[in-house]
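Good morning. Please have the sequence and the model open in front of you, and I will go through them in order.

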There are 2 protein chains.
Amino acid sequence: MAGLRESILRTSLELFEQKGFHGVTVNQIVAASNTSKGGFYHHFQSKDELLFVIHDTFITYVLKEANAANEIHKSPIKKIQSIIKAFVKVFDLYKPHISVFYQESNYLKPEYEEQIKRKRDAFKQMVFQVIEEGQETGDFRKELPMEITGMAILGMVNWIYKWYTPEGKYTIDEIADVYVDIILHAILTTNVVSEENFQSHMLERPFFTEKK
Amino acid sequence: MAGLRESILRTSLELFEQKGFHGVTVNQIVAASNTSKGGFYHHFQSKDELLFVIHDTFITYVLKEANAANEIHKSPIKKIQSIIKAFVKVFDLYKPHISVFYQESNYLKPEYEEQIKRKRDAFKQMVFQVIEEGQETGDFRKELPMEITGMAILGMVNWIYKWYTPEGKYTIDEIADVYVDIILHAILTTNVVSEENFQSHMLERPFFTEKK
DNA sequence: CATTACAGACCAACCAGTCGGTCTCTAAAG
DNA sequence: CTTTAGAGACCGACTGGTTGGTCTGTAATG
C-alpha cells in the first residue's frame with residue numbers, strides 16, 4: 001500500500017476536478033481513499049489545507065520550471081520560447097491541479113492565499129520582465145504595451161486547462177509549438193518567421209512546418 | 001424603489017464576485033438586498049436558478065453580439081476583428097457575471113448546464129468557422145491548426161476577467177485594439193501589418209501606432 | 001511501553017428551502 | 001362611493017438534512 005497521504009491527494013484531486021471542491025465532502029474523499037475520518041485528519045489539518053497543498057504543489061513546480069528556463073538562456077526570444085514551452089507542458093502533468101487551482105482559488109483561507117499569491121506574482125513578473133527585455137533589445141515590438149501583451153500570453157496558456165485532454169487530437173508538444181509560433185509572430189519585430197529566421201533566431205522548427 | 005428581482009440580482013452578483021457562490025448564503029443575499037427569505041423565493045425557484053440567470057444573461061449577450069459582428073462583415077479579417085473587439089468589450093459591461101460564470105460553472109445543475117453549454121458551443125463554433133474561412137480565402141496562415149488557434153484566441157480574451165478593472169491603466173478599447181493587433185499579427189499571412197496593409201485590409205489603426 | 005497511524009461513532013453549526021401568515025393594490029359588486 | 005373579494009408581493013420563524021471536524025479507542029510499529 002502506498003502512503004495514505006499521497007493516496008488521499010490523488011483521489012481527492014480526481015473528485016475535485018469532476019465535482020469541484022464544494023461538490024465533494026470529506027466523507028466521500030475518505031470513502032474513495034479507503035480510509036476514515038481519522039486517517040484523513042491525521043494527515044491534514046482541514047479540508048482547506050488539502051486545497052492549499054494541491055495549489056502549492058502545482059504553482060511551486062511552475063515557478064521552478066520557469067526559473068530554470070529563464071536562467072538557461074540569455075536571449076529574450078529563447079527565454080520566452082522556453083518559458084512558454086515549459087508552461088504549456090505543465091498542463092500535461094498537472095491538469096487536475098490547475099483546474100482546481102483556477103476554479104477554487106477564491107475559497108482559499110487568507111493564510112494560505114497569501115503564500116500562493118506570492119508565487120503566482122513571481123511567475124507573472126518574470127514573464128513581464130522577459131517581455132521588457134525583449135523590447136529593450138529590439139527583438140520584440142516596442143509599440144505593444146507590455147502588461148497587456150503579458151496578460152494575453154498568460155491567458156492564452158492558462159486557458160488550456162479548460163480544453164486540453166491527453167486523448168485529444170494534438171499532443172501537448174504540438175500545442176506548445178503552435179502557441180510559441182503564435183506568440184512569436186505576434187511580438188517579434190522581425191515579422192516573418194521565415195526560413196532564414198530559423199537560423200537567425202535559432203528558433204526550433206515547429207511540427208507543423210515543413211522543411212522545403 | 002427598483003424591482004426587487006433586479007435588486008437581488010445586482011447585490012448577489014457583487015457578493016458572488018467577492019466571495020464565490022458557495023461563500024455566500026441566501027441569508028446574506030437577503031440581508032444585503034433588504035428583503036427576506038420569502039422575497040427571495042418569490043422571485044427565484046432556488047439559489048441555483050439565480051446562478052443560472054447570471055450565467056445566461058451574459059452568455060446570451062455575447063452570442064448576440066458575436067452574431068451581429070459576424071453578419072455585418074464578409075471578409076474573415078473584418079469578421080474576426082469585429083468579433084474580438086465585441087468580445088473584449090463585453091468584459092467592461094459584464095465582468096462580475098463572467099467571473100462568476102467561469103468560477104462556478106461546475107456547480108450548475110444539469111438542467112441548467114445544458115442550456116448554457118449550447119450557447120457557449122455556438123459561440124466557439126463561430127470563431128472556429130471564421131478561422132477556417134480565413135484559411136480558405138488565404139487571408140490566414142493555413143499551417144496553423146484551426147482548433148488550437150481558436151482556443152488560443154478564446155483563452156487570451158476570456159482570461160481578461162482575471163485582471164481587468166475599469167480603473168486600470170488601459171481602457172477596454174485600448175485593450176481590444178492590442179488584442180486584435182496581436183491576433184492579426186499571429187494569424188495573417190500578410191506578415192507585416194504595415195502602412196500599406198492598413199489600406200489593403202481596411203484595418204483600423206490601433207491607438208498605440210502613430211501615423212508617420 | 002510509547003509513539004505513531006488509523007478507525008468510526010458522534011456533535012454542533014450551518015444552510016437551502018418551506019410554510020403559514022400579513023400587507024397592499026386593484027377591481028368587481030352592491 | 002363603499003364594501004368585499006381575491007391576487008400578488010413579501011415576511012421570518014422553523015426544519016431537516018448535511019457537513020466539517022472532534023474524540024475516544026485500538027492496532028501496529030519500533
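How many residue pairs are in polar contact across the interface of chain B and chain A? The rule finds 14 such pairs, with both residues at pLDDT 80 or more. Keep in mind that this is a predicted model.

Which parts of chain B make up its side of that interface? Five helices of chain B each supply at least two residues to the side that touches chain A: H1 (4–19), H5 (76–104), H7 (146–158), H8 (160–163) and H9 (172–187). The largest share comes from H7(B), with nine residues. Sorted by class, this side of chain B has 22 nonpolar, 11 polar and nine charged residues.

Now the contact as a whole. It takes 42 residues from chain B and 42 residues from chain A. On chain B, the residues that lose the most area to chain A are B:Tyr107, B:Ile148 and B:Trp159, and together they make up 18% of what that side buries. The two chains bury about 3700 Å² between them, and 65% of it is on carbon and sulfur atoms.

There are charged pairs here too. Between chain B and chain A the count is four salt bridges. One of the bridges between these chains joins B:Glu147 to A:Lys169, with the closest N and O atoms 2.9 Å apart.

Next, how are the two chains related? Chain B can be laid on chain A by a turn of 180° and a shift of 0.0 Å along the axis, with an RMSD of 0.1 Å. That is the relation of a two-fold axis. As for the surfaces that meet, 100% of the interface residues of chain B are also interface residues in chain A, so the copies meet through the same surface.

Let us move to the DNA, starting with strand D. Which residues come nearest to DNA strand D? There are 15 residues around this strand, and the nearest are A:Lys37, A:Lys47, B:Thr35, B:His42 and B:His43. You can see that both chains appear in that list. Of the atoms of DNA strand D that come within 4 Å of the protein, sugar and phosphate account for 61%.

Some individual distances for strand D. The side chain of B:Thr35 has an N or O atom 2.5 Å from a phosphate oxygen of the strand. For B:Ser36, again through a side-chain N or O atom, the distance to a phosphate oxygen is 2.9 Å. B:Gly38 uses its backbone instead: an N or O atom there lies 3.2 Å from a base oxygen of DNA strand D.

Where on the protein does this surface come from? Helix H3 (37–43) of chain A and helix H3 (37–43) of chain B each supply at least two residues of the surface near DNA strand D. H3(B) gives the most, with five residues. By class, the surface near strand D has four nonpolar, eight polar and three charged residues.

Now DNA strand C. It also has 15 residues around it, and those that come nearest are A:Thr35, A:His42, A:His43, B:Lys37 and B:Lys47. Sugar and phosphate make up 61% of the atoms of strand C that come within 4 Å of the protein.

Which side chains reach a phosphate oxygen here? Among them is A:Thr35, with an N or O atom 2.5 Å from a phosphate oxygen of strand C. Another is A:His43, where the distance is 2.5 Å. On the base side, a polar backbone atom of A:Gly38 is 3.2 Å from a base oxygen of DNA strand C.

The surface near strand C draws at least two residues each from H3 of chain A, and from H3 and helix H4 (47–72) of chain B. H3(A) gives the most, with four residues. Its classes come to four nonpolar, seven polar and four charged residues.

Last, salt bridges in general. Over all chains the count comes to 18. One of them lies within chain A, between A:Asp48 and A:Lys109, the closest N and O atoms being 3.1 Å apart. This pair links distant parts of the chain, 61 residues apart: A:Asp48 sits in helix H4 (residues 47–72), and A:Lys109 in the loop between helix H5 (76–104) and helix H6 (110–137).

That is the end of my part.

Methods:
Residues are numbered from 1 along each chain as its sequence is written. Chains are lettered from A and ligands numbered from 1 in the order in which they are written. This is a predicted model: local features need pLDDT of at least 70, side-chain atom pairs count only at pLDDT 80 or more; totals for chains, interfaces and linings use all residues. Side-chain values use heavy atoms; hydrogens and water are left out. Contact means heavy atoms within 4.5 Å. Buried area is the accessible area (1.4 Å probe) that two parts lose on being put together, summed over both. A salt bridge is a side-chain nitrogen of Lys or Arg within 4 Å of a carboxyl oxygen of Asp or Glu. A polar contact is a pair of N or O atoms within 3.5 Å; within protein, one must be able to donate a hydrogen and the other to accept it, and residues adjacent in sequence count only if both atoms are side-chain atoms. Ala, Val, Leu, Ile, Met, Phe, Trp, Tyr, Cys and Pro count as nonpolar, Asp, Glu, Lys and Arg as charged, and the others, Gly among them, as polar. A residue is near a molecule or strand if one of its heavy atoms lies within 4 Å of it. Copies are superposed by least squares on the C-alpha atoms of residues with pLDDT of at least 70 in both.
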